[in-house]
Amino acid sequence: MSKMPWFRYYSETSHDKKIDLISEESDLHFLIVHGVWSILLCLANDSPIRGSLYITKNKPFRDSFLAEDLHLSIEDTKKIIECFIEYDMLEIDENSAYKISNWDTRQFQSDNSNERVEKYRNKRKESGLSVAPSYDTKEVCNRYGNACVYCGSSINLVVDHAYPITLGGTDDPDNLVCACKGCNSGKSGRTPEQAGYKFINPIAEDNYKKYLSQNVTVTEAEEVTVTSVSASASLYDSAFVYNELSLKNKIEEFAKLPIPQSPLQANKHPLIALFMAGSDYMPPEKEYKNIIDTFSLIKGRYKDHNEIVDDIKKYSIAWTSRNNKNGEKYKISNLVWFYEWFLNDSIPNKKPYNRHSLDNMIIDNVEQP
Ligand SMILES: [Zn+2]
């Protein structure tokens, strides 16, 4: 792993309005907010996944660890982290780790290019494409007027596979567009619809549609159609921004989502989506309540409890095997366990749900179908 012992710190930070607002909102002195922000940047720079807060490649920083590093109480740590998220300075990544917003665009492209290239090559190899791309970046960008087809920026342009390689997209010219690094990394492995991106370049949009109609069929794994995915996917994505108030409304919205026809679309299943959205960075009591609410909202749509349990198992196995994340598998097993626990009102002295009490659970208790 190539580590950079330094990163770019922008002098505008010293008079960033957001820091003042966060100081007001969190009731913490603005120097504390500045200090915390600097330490978070340092931690993100030293992280094995640069730009995100990881202790090891698979282990994200949790609030309790952060509180220690920051010499703050856990309450103050949570408060200030929440504010950074609210002001879009931090994001939550797919492993529920904190991620510095715009790290890649704010840091220099070459800073972590080795890792990027490596990752990109592996992605191509896994998808059966030749490691060396068959296109010329300059030529592709020229074709789209040297501007990002999603935002119009003309800085840091790269080639984006509109239909991503990870979902089976190819180097077909119709699938190649010009995008800025920010849009490209923000989209990361998702279709434009899933990422909530709109084409501002009509030629790119036409080419993409043509590519989809010729290459992406309903028999393919994701069963992606341009329109059906976007609504639930953007709702799903938006829920990953932890915001207590908006999440309350989202639970109801989630519960109304159509149950997907195929387990291959497991992440669109309201239960799975909600569970993934609400877990880990939410205090256990809140998570508990949110999940209970979801179960209550959704149970009317099933014949009986067994049917729900079956569905959770079916969809969660599909989801976890597709994403191949042990951590997620663990969480999903919890979901099944938790649902069974929720049903069984007769358990005497039923203890309140607590994530830590599940630590010794056997994670393979979900059988393969
Ligand atoms: Zn862009």
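This report walks through some helices, strands and cores of a predicted model.

## The whole chain

Let's start with the big picture. The protein chain holds 16 helices and six strands. Of its 369 residues, 31% are buried. Many contacts bring together parts of the chain that are far apart in sequence: among contacts between residues at least 6 apart, 64% join residues at least 24 apart.

## Helix 1: two sides

Helix 1 covers residues 17-26, and within it Ile19, Ile22 and Ser26 are buried. Where do these residues sit around the axis of helix 1? They lie on the same side of the helix, because they cover an arc of only 65° around the axis. A general rule helps here: an α-helix has 3.6 residues a turn, so residues three or four places apart point the same way.

Turn to the other side of helix 1 and you will find Lys17, Asp20 and Glu24, which are exposed. The buried residues, in contrast, pack against helix 2 (30-46) and helix 4 (74-86). Just after helix 1 comes Asp27, with a positive phi of about 65°.

## Helix 4 and what covers it

Helix 4 is made of 13 residues. From its first C-alpha to its last it reaches 18 Å, close to the 18 Å expected at 1.5 Å a residue. Its buried residues are Thr77, Ile80, Ile81, Cys83 and Phe84. These residues are on the same side of helix 4, because they cover an arc of only 160° around the axis. Which elements cover them? The cover includes helix 1, helix 2, helix 3, strand 3 (90-92) and strand 4.

## Two loop residues to look at

After helix 4 comes Asp88, which is found in the loop between helix 4 and strand 3. Asp88 has a positive phi of about 60° although it is not a glycine. Is Asp88 buried or exposed? It counts as exposed, because it has 11 C-beta neighbours inside 10 Å, and the cut-off for exposed is 12 or fewer.

The loop between strand 3 and strand 4 contains Ser96. Ser96 is not a glycine either, yet its phi is positive, about 65°. With 19 C-beta neighbours inside 10 Å, Ser96 counts as partly exposed. A residue needs 20 or more to be called buried.

## The nonpolar cores

In soluble globular proteins, nonpolar side chains tend to be buried together. In this model, the largest nonpolar core has 23 residues, and the ones touching the most other members are Leu40, Ala44, Leu53, Phe61 and Ile80. Which elements give two or more residues to this core? They are helix 1, helix 2, helix 3 (63-70), helix 4 and strand 4 (98-100). Helix 2 gives the most, with seven residues.

Ala44 is a good residue to find in the structure. Not counting residues up to four places away in sequence, Ala44 touches Arg50, Gly51, Ser52, Leu53, Ile100 and Trp103. Apart from the largest core lies another core of 20 residues, among them Tyr150, Tyr163, Val177 and Tyr208.

## Strands 5 and 6

Strand 5 (residues 157-161) and strand 6 (residues 176-180) run antiparallel and are joined by five bridges. Follow two of the pairings yourself: Val159 has Cys178 of strand 6 as its bridge partner, and Leu157 has Cys180.

Why is strand 5 described as largely enclosed by the rest of the structure? Four of its five residues are buried, so the surroundings largely enclose it. In strand 6, five of the five residues are buried, so strand 6 too is largely enclosed by the rest of the structure. Both faces of strand 6 are covered, with Leu176, Cys178 and Cys180 buried on one side and Val177 and Ala179 on the other.

## Asn184, a buried residue in helix 8

Our last stop is Asn184, in helix 8 (residues 181-187). Asn184 counts as buried because it has 20 C-beta neighbours inside 10 Å, and 20 or more is the cut-off for buried. Leaving aside neighbours within four places in sequence, Asn184 is in contact with Val158, Asp160 and Ala179. Asn184 and Ala162 are 22 residues apart along the chain, and their C-alpha atoms are separated by 9.3 Å.

Notes. Residues are numbered from 1 along each chain as its sequence is written. This is a predicted model: local features need pLDDT of at least 70, side-chain atom pairs count only at pLDDT 80 or more; totals for chains, interfaces and linings use all residues. Two residues are in contact if their C-beta atoms, placed from the backbone, lie within 7 Å. The arc is that of the directions from the helix axis to the C-beta atoms. Two strands pair if DSSP finds at least two bridges between them. A nonpolar core is a set of buried Ala, Val, Leu, Ile, Met, Phe, Trp, Tyr and Cys residues joined through C-beta atoms within 7 Å. The expected span of a helix is 1.5 Å times one less than its number of residues.
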